[in-house]
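Grab a coffee and open the viewer. Below are some short exercises, each with a worked solution to follow step by step.

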Amino acid sequence: MDTPVTLAVSRAEHAVAGRLLHDFNTEYEDPSPGADALAARLAVLVADGSTDVLLVGDADGVAVLRFRPSLWTEADECYLAELYVVPDRRGGGLGRVLLRACVARARVRGCDFMDLSTSEDDVAARHLYEAEGFRRTEGEGGPLTFHYEMDLAPDGRA
């Protein structure tokens with residue numbers, strides 16, 4: 001598939017990413033601060049170097065990569081914070097193109113580890129991640145891993 005993946009660096013690209021992330025949250029009935037607030041926050045995080053945003057196709061999907069220093073090696077680690085393809089474009093391989101671009105971008109940034117989380121009921125995402133080599137175990141053949149979270153802000157917003 002020759003669908004382009006773009007590293008979002010401009011204000012206009014961050015606006016597209018903010019809209020897609022807002023759509024992602026509202027599709028799953030999760031709270032969102034709104035597309036404009038998300039775009040503004042992405043601009044700050046991209047500018048400080050801690051985050052990369054990738055867009056696939058003609059605003060068909062978005063991925064957000066967060067980078068952090070590793071405790072175990074001199075390299076950074078990459079957390080795939082978000083991966084979203086618009087509903088009417090799903091099933092055609094765009095998620096796979098975007099995920100592969102994320103892995104490639106993490107490697108370009110010098111990362112030696114990448115992680116992500118998804119929900120048990122998102123079978124399509126789990127299938128994609130596992131088909132592309134992500135494990136849901138600690139190490140090859142290790143025990144099943146779990147992702148936990150806790151909202152720390154008084155109003156429930158982290």
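**Exercise 1. Cysteines**

Find out why Cys111 has no bond to the closest cysteine sulfur.

*Solution.* Keep in mind that this is a predicted model.
- Step 1: start from the sulfur of Cys111, whose closest cysteine sulfur is in Cys78, 5.0 Å away.
- Step 2: hold that against the cut-off, which is 2.5 Å between the two sulfur atoms. At 5.0 Å, the Cys111 sulfur is too far from Cys78 for a bond.
- Step 3: try Cys102. Its closest cysteine sulfur is also in Cys78, and at 7.2 Å that one is too far for a bond as well.
- Step 4: check the whole structure, where a search turns up 0 disulfides.
- Step 5: look at the surroundings. Cys111 is buried at 12% relative accessibility, and Cys102 is buried at 0%.

**Exercise 2. Salt bridges between distant parts of the chain**

Work out which parts of the chain Asp52 and Arg105 tie together.

*Solution.*
- Step 1: find the contact. The two side chains, Asp52 and Arg105, form a salt bridge with an N to O distance of 2.6 Å.
- Step 2: place the partners. Asp52 sits in strand β2 (residues 51–56) and Arg105 in helix α3, so the bridge joins parts that are 53 residues apart in sequence.
- Step 3: check exposure. Asp52 is buried at 7% relative accessibility, while Arg105 is partly exposed at 22%.
- Step 4: look for further partners. Arg109 joins Asp52 and Arg105 in a network of salt bridges.

Now do the pair Arg89 and Asp60, and say where each partner lies.

*Solution.*
- Step 1: the side chains of Arg89 and Asp60 meet in a salt bridge at 3.3 Å, N to O.
- Step 2: Arg89 belongs to the loop between β4 and α3, and Asp60 to the loop between β2 and β3, so this pair links parts 29 residues apart in sequence.
- Step 3: Arg89 is partly exposed at 36% relative accessibility, whereas Asp60 is buried at 12%.

One more pair: how far apart in sequence are the parts that Glu132 and Arg96 tie together?

*Solution.*
- Step 1: a salt bridge of 2.5 Å, N to O, connects the side chains of Glu132 and Arg96.
- Step 2: Glu132 is in the segment after α4 and Arg96 in helix α3, so the parts they tie together are 36 residues apart in sequence.
- Step 3: Glu132 is partly exposed, at 24% relative accessible area. Arg96 is partly exposed too, at 28%.
- Step 4: for the full tally, the whole structure has 10 salt bridges.

**Exercise 3. The largest pocket**

Which element gives the most residues to the lining of the largest pocket?

*Solution.*
- Step 1: size up the space, which comes to about 2200 Å³ in the largest pocket.
- Step 2: go through its lining of 47 residues; Phe24, Asn25, Asp30, Ala81 and Glu82 are the closest to the centre.
- Step 3: sort by element. At least two lining residues come from each of α1 (11–27), α2 (35–47), β3 (61–69), β4 (76–85), α3 (94–108) and α4.
- Step 4: pick the top contributor, which is β4 with 7 residues.

**Exercise 4. A nonpolar patch**

Find the residues that make the nonpolar surface patch of about 410 Å².

*Solution.*
- Step 1: select Leu144, Phe146 and Tyr148, which make up the patch.
- Step 2: place Tyr148, which is in the segment after α4 (123–131).
- Step 3: check its cover. Tyr148 is exposed, with a relative accessible area of 69%.

**Exercise 5. Unusual backbone angles**

Where do Glu29 and Ala59 lie, and what is the sign of phi in each?

*Solution.*
- Step 1: recall the background: most residues other than glycine have a negative phi.
- Step 2: take Glu29, in the loop between α1 and α2. Its phi is near 55°, a positive value, and Glu29 is exposed at 74% relative accessibility.
- Step 3: take Ala59, in the loop between β2 and β3. Ala59 has a positive phi too, about 60°, and is partly exposed at 22% relative accessible area.

Note on methods: Residues are numbered from 1 along each chain as its sequence is written. This is a predicted model: local features need pLDDT of at least 70, side-chain atom pairs count only at pLDDT 80 or more; totals for chains, interfaces and linings use all residues. Side-chain values use heavy atoms; hydrogens and water are left out. Buried means under 20% relative accessible area, exposed over 50%, partly exposed in between (1.4 Å probe, protein chains only). Patches are made of residues with over 30% relative accessible area and no salt bridge: like charges are joined within 9 Å, nonpolar side chains (Val, Leu, Ile, Met, Phe, Trp, Tyr) within 5 Å. Accessible areas come from the Shrake-Rupley method with a 1.4 Å probe; for residues, only the protein chains shown count as cover. A salt bridge is a side-chain nitrogen of Lys or Arg within 4 Å of a carboxyl oxygen of Asp or Glu. Helices (H or I, at least four residues) and strands (E, at least two) are DSSP runs, numbered from the N terminus. On a 1 Å grid over the protein atoms alone, a cavity is a set of points where a 1.4 Å probe fits but cannot get out, and a pocket is an open set with protein on both sides within 12 Å along at least five of seven lines; lining residues have an atom within 4 Å of a point. Grid points are joined across faces, edges and corners, and a volume is the space filled by probe spheres set on the points.
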